[in-house]
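Work through the following exercises with the sequence and the model side by side. Each task sentence is followed by a solution that proceeds in steps.

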Amino acid sequence: MKGRKSIFMLLAMLGAFCTSIAQTAAPADFFAGKWEVTIFGTPQGDSKMIADLARTDGKLTGHLKNTADPEAEKIVITSVEEAADKITLGFSAQGYDVTLDLSKVDDDNLKGNLLNMFDATAKRVK
């Protein structure tokens with residue numbers, strides 16, 4: 001009886017150990033940080049921006065910066081809708097309110113669209 005308890009305890013600890021090794025720690029706040037966003041096929045060609053997102057008072061906020069024009073003003077993100085694996089950023093561009101929908105692909109990549117018209121990707125800036 002004593003031998004069976006020892007074997008059971010050993011197997012339980014081994015199982016817990018293997019499970020903890022197999023899991024990788026996800027970022028505590030997945031969408032917060034800097035993301036290099038590329039929007040494909042706009043009338044002005046492909047567009048690249050840096051999205052800088054931070055959690056303030058429990059809400060995700062931030063801005064976008066055009067990488068092609070370092071002198072350009074930052075574009076304030078006016079709304080953020082978050083789900084576990086999806087985010088929608090709202091902002092104004094050239095006088096229009098637009099939305100950028102992005103879904104998690106893996107820990108460092110997102111994929112989606114701008115206004116349901118233009119494909120978009122985002123890669124975490126490390």
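**Exercise 1. Determine the volume of the largest cavity, then identify its lining and the classes of the lining residues.**

Solution. The largest cavity has a volume of about 40 Å³, where a cavity is, on a 1 Å grid over the protein atoms alone, a set of points at which a 1.4 Å probe fits but cannot get out, and a volume is the space filled by probe spheres set on the points, with grid points joined across faces, edges and corners. A search of the whole structure for cavities of 30 Å³ or more returns 1. The next step is the lining, meaning residues that have an atom within 4 Å of a point: Phe31, Trp35, Val37, Ala51, Leu53, Ile87, Leu89, Leu102 and Leu110. Sorting these by class gives 9 nonpolar, no polar and no charged residues, with Ala, Val, Leu, Ile, Met, Phe, Trp, Tyr, Cys and Pro counted as nonpolar, Asp, Glu, Lys and Arg as charged, and the others, Gly among them, as polar. Finally, E1, E2 and E5 each contribute at least two residues to this lining.

The model is predicted, and local features need pLDDT of at least 70, side-chain atom pairs count only at pLDDT 80 or more, and totals for chains, interfaces and linings use all residues. Residues are numbered from 1 along each chain as its sequence is written, and side-chain values use heavy atoms, with hydrogens and water left out.

**Exercise 2. Describe the largest pocket by its volume, its lining and the elements that supply that lining.**

Solution. A pocket is an open set of grid points with protein on both sides within 12 Å along at least five of seven lines, and the largest one has a volume of about 600 Å³. Its lining comprises 20 residues, of which Gln44, Ser47, Ala93, Gln94 and Leu114 lie nearest the centre. Two or more residues come from each of strand E1 (33-42), strand E2 (45-56), strand E5 (86-93) and strand E6 (96-106), with E2 giving the largest share, 4 residues. By class, the lining of this pocket holds 13 nonpolar, 6 polar and 1 charged residues.

**Exercise 3. Establish whether Leu64 is buried or exposed, and list its contacts beyond the sequence neighbours.**

Solution. Begin with the location: Leu64 belongs to strand E3, residues 59-66. Its relative accessible area is 0%, so Leu64 is buried, a term that means under 20% relative accessible area, with exposed meaning over 50% and partly exposed in between (1.4 Å probe, protein chains only). Apart from neighbours within four places in sequence, Leu64 is in contact (heavy atoms within 4.5 Å) with Met49, Ile50, Ala51, Lys74, Ile75, Ile77 and Phe91. For Ala51, which is 13 residues away along the chain, the C-alpha separation from Leu64 is 4.5 Å.

**Exercise 4. Place strand E8 among its partners and assign its side chains to faces.**

Solution. Strands (E, at least two residues) and helices (H or I, at least four) are DSSP runs numbered from the N terminus, and the protein has 8 strands and 1 helix. Two strands pair if DSSP finds at least two bridges between them; E8 pairs with E1 in the antiparallel sense over 5 bridges, with Trp35 opposite Arg124. On E7 (residues 109-114), 6 bridges make an antiparallel connection to E8, and Lys111 has Thr121 as its bridge partner. E7 and E8 form a hairpin with 3 residues between them, and Leu115 in the turn has a positive phi of about 55 degrees. Along E8 (residues 118-124), Phe118, Ala120, Ala122 and Arg124 point to one face and are buried, whereas Asp119, Thr121 and Lys123 point to the other and are not.
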